[in-house]
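Student: I have not looked at this structure before. Could we go through it in short questions?

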Amino acid sequence: MQIKKEMSVVMFMVVLCLLLVAPSGRCADEAPAKFVMTVPLYEGVLKFPLPAWMKANQSMKDLQVMEKKKDGFYGLLFTPKGEELDSWTRFYGVFGMNFSEDWTVARFMDETLGNMQKACKEPWKIVPYDETENTRLISAQCSQLSDAMVRNGRNVESNFLYVGKVNHTMVKVQLVWRGTQEEAASEFWPTNEAVLQETLTRMKSISLLKR
């Protein structure tokens with residue numbers, strides 16, 4: 001019961017941040033690259049940055065946030081303001097799962113990639129960036145999404161995945177761009193070296209601690 005109460009506090013703090021913005025328009029008067037959120041997720045405490053696809057002059061007011069929760073699962077979903085969950089161009093998800101059995105990070109990552117493969121006509125192009133006993137950080141690129149996933153001609157997807165473990169709690173942070181072939185070649189995608197490096201800097205700053 002205590003855990004469920006603390007999960008609802010997470011969304012309360014996000015809403016509070018959206019409402020109580022500083023005069024500059026940024027929550028806590030921080031630029032997206034510097035702002036860090038801290039949330040309790042079952043047996044862990046996760047610290048994570050705002051999504052790398054946000055522009056320097058944007059704030060949390062430019063995001064829409066959705067909370068999803070059920071027994072053993074918690075999700076905090078971010079998309080650009082005004083976009084729908086079934087037709088977004090940018091997505092950021094923070095997920096916590098509490099298992100009765102002891103999963104390994106490798107098993108959880110394999111399950112995640114297996115589920116993602118259903119969304120891509122070709123094998124995902126996987127690039128590992130960081131690995132410890134209890135964490136993984138990879139990128140996954142799909143050059144041709146399955147027909148059911150395509151909206152408005154956006155058939156390319158670029159994912160960055162962080163997976164971490166604390167006891168029986170698994171955490172996933174997923175950062176995604178989705179667009180057309182032309183959009184995927186633009187300066188605003190991680191195909192651009194500057195965007196890639198900024199994305200990796202933010203994703204590598206994620207930390208998961210024991211409570």
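Student: In what order do the 7 strands of the open sheet lie?

Tutor: This is a predicted model. Its 7 strands pair in the antiparallel sense. The twist averages 15° from one strand to the next. Read across the open sheet, the order is E3-E4-E5-E9-E8-E7-E6.

Student: Which are the edge strands?

Tutor: An edge strand pairs on one side only. That is the case for residues 63-70 and for residues 125-131. The edge strands are therefore E3 and E6.

Student: What is the bridge partner of Ala-140 in E8?

Tutor: Strand E7 covers residues 135-142 and strand E8 covers residues 156-166. These two strands pair in the antiparallel sense over 8 bridges. In E8, the partner of Ala-140 is Asn-159.

Student: Which strands does helix H2 touch, and what angle does its direction make with that of E8?

Tutor: Helix H2, residues 105-117, packs on the sheet. The strands it touches are E5, E6, E7, E8 and E9. Its direction and that of E8 make an angle of about 155°.

Student: What is the angle between the direction of helix H4 and that of E8?

Tutor: Helix H4 is formed by residues 193-204 and also packs on the sheet. It touches E6, E7, E8 and E9. Its direction makes an angle with that of E8 of about 20°.

Student: How many residues apart are Asp-102 and Lys-165?

Tutor: A search of the whole structure gives 7 salt bridges, and Asp-102 forms one with Lys-165, with the closest N and O atoms 2.7 Å apart. Asp-102 is in the loop between E5 and H2, while Lys-165 is in strand E8. The pair links distant parts of the chain, and the separation is 63 residues.

Student: Why does Arg-154 count as buried?

Tutor: Arg-154 lies in the loop between E7 and E8, and its side chain meets that of Glu-183 in a salt bridge at 3.9 Å, N to O. Glu-183, in helix H3, is partly exposed at 33%. Buried means under 20% relative accessible area. Arg-154 counts as buried because its relative accessibility is 18%.

Student: Is Arg-202 buried or exposed?

Tutor: Arg-202 forms a salt bridge with Glu-198, and their closest N and O atoms are 2.7 Å apart. The two residues are 4 apart in helix H4, so about one helical turn separates them. Glu-198 is partly exposed, at 30% relative accessible area. At 7% relative accessibility, Arg-202 counts as buried.

Notes:
Residues are numbered from 1 along each chain as its sequence is written. This is a predicted model: local features need pLDDT of at least 70, side-chain atom pairs count only at pLDDT 80 or more; totals for chains, interfaces and linings use all residues. Side-chain values use heavy atoms; hydrogens and water are left out. Axes are lines fitted to C-alpha atoms, for helices over the stretch in contact, and angles run from 0 to 180 degrees between N-to-C directions. Contact means heavy atoms within 4.5 Å. A salt bridge is a side-chain nitrogen of Lys or Arg within 4 Å of a carboxyl oxygen of Asp or Glu. Buried means under 20% relative accessible area, exposed over 50%, partly exposed in between (1.4 Å probe, protein chains only).
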